[in-house]
Amino acid sequence: RKQLRCRSFLAAALERAALCCLVAGSLPRAAEAIITKIDKPPRDSLWTPLEYNIGLEPGSTIEIEMHNDKPANNTFIMVLTHDQWIDWRRVDPMALPGSAGDLNSGGWNSYLVSYWRTTLYRDVKARFKITAPTKDRYTVGILNSQQKVLKLHGTVIMVNPGGKHLSLQEQQVPGILLWTAGLFFVSCLVFGLHIATASSRRGRTTMHLVMAGTLLLKGCVLILWYFDLLQVERTGTNSTIGQKGWQLLDKVQTILELMMFLLIALGWKFLRATLNLTEVRFALGISVISFYLGVFEVACTTASTCSGYQLSRYILHSLCYLVVIVAMNFNLQWVYNLIVEDVVSLDTGKLYRKHQAYKVFRWIFLAFIIAPTMELFLKVTVMPWDAYWLYVLVQQLRTWAIYTSIIVSFSSLPHPTPLRVFELTRDTGGSEEEEEGDAE
């Protein structure tokens, strides 16, 4: 029974590591700086990841300088290809007997297939080139077979041919970010000119400014992300201000996006001029707590802490999504009841326009909810591993399509032009009056 527990330990540890990497890979991420400074606190982990799934071309260079302040035997620095990493997860590890012949007391079997390995006792300094027929993803880590406490610090440098410091997955991403940022800026400019024209001033509201601000902030996030990737591509490292700046602005932009959905669902400025005190407090509370969690998520230093803040933020936003769904359907039914109870008039025609806008908004919000799941499914099952740029492009185009659909649906509110059929009420009314006059 003890041996069975030992055999499942390594497989479970690798499974958890792979799952964390998969979830992290599905989220908007910072640039993978391939010059990585390592400073690990003392720990006795079986596997300590240093770099994960870095795409490298044949002829790339890997340079490792590592120091262990607590020397230990049977400790190895390993470089694995992606297929080897998958095989590690499938292997049934064995515990070796100890020096006294005791079963399962000699540590884990470290004879696992790897692209490159070397023993780490106290210090290691190595430099080698990738000699492989094709491009591949490489993972660097430390296998601590006897699970002794290690205190690690050093540097890992991985450079593609031509001195390119971005991984293969990200080399096309800067161009995509620059192009999509321009798309958001141009859309914001066109919408701003539209609401600034004399014909649109009467229908211009604060909600239209919120929509324009959401577009503008999204473009700013993408352009700052672009500059951060450029710095990584040239130097291999990113500055704290450059990386944390666009990530923090991204949190602010997602809050503004969330408030846009919430305020539209509540009917602010489109169906009613003001919100009640409870609705105002709810919106402010969600915004403040989400910003608080976002700041700590950006500033956190460990994966477990970051995951905790991220999960808390997702739960908070999910609560707000539920409120959006309830408020949206309530207002949709309320407008429908007004149409049913009202007489045929121009005001009824305007209600029809509002009802149509909220029906479209319901489908837009549904697409907003399910799109991330569909994109992750496509990334895992359809897209090539080195096409992260395609995943980013799909994400940004989806976001742009959702924003523009909302703008097109609500740009004419709260004073839309009535349906043309209701213009007949004026003509009919005039003809009836003329007929009555003729009869007299």
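How many bridges join strand 2 to strand 7? Select strand 7, residues 136-144, together with strand 2 in this predicted model. The two strands run antiparallel and are joined by 7 bridges. Within this pair, threonine 48 stands opposite isoleucine 142 of strand 7.

Now widen the selection to the whole sheet. It is an open sheet of 4 strands, ordered 2-7-4-5, with antiparallel pairing. Strand 2 (47-56) lies at one edge and strand 5 (116-119) at the other, each pairing on one side only. From one strand to the next, the twist averages 10°.

Next, add helix 2, residues 82-90, which packs on this sheet. Helix 2 touches strand 2, strand 4 (75-81) and strand 7. Its direction makes about 120° with that of strand 4.

Leave the sheet and select residues 277-299, which are helix 6, and residues 303-341, which are helix 7. How do their axes cross? They come within 9 Å and cross at roughly 160°. Angles over 145 degrees count as roughly antiparallel, so helix 6 is roughly antiparallel to helix 7. The crossing of the two helices is left-handed.

Show side chains at this contact. On helix 6, display Phe282, Ile286, Ile289, Ser290, Leu293, Gly294, Phe296 and Glu297. On helix 7, the contact is made by Cys306, Tyr309, Gln310, Ser312, Arg313, Leu316, His317, Cys320 and Val323. Colour the contact by residue class to see 10 nonpolar, 5 polar and 2 charged residues.

Note on methods:
Residues numbered from 1 in each chain as written. Predicted model: local features only at pLDDT ≥ 70, side-chain atom pairs only at ≥ 80, totals over all residues. Heavy atoms only, no water. Axes fitted to C-alpha atoms, helices over the stretch in contact; angles between N-to-C directions. Parallel < 35°, antiparallel > 145°, perpendicular 65-115°, else oblique. Left-handed = near helix turned anticlockwise from the far one by under 90°. Contact = heavy atoms within 4.5 Å. Nonpolar A, V, L, I, M, F, W, Y, C, P; charged D, E, K, R; others polar. Pairing = 2+ DSSP bridges.
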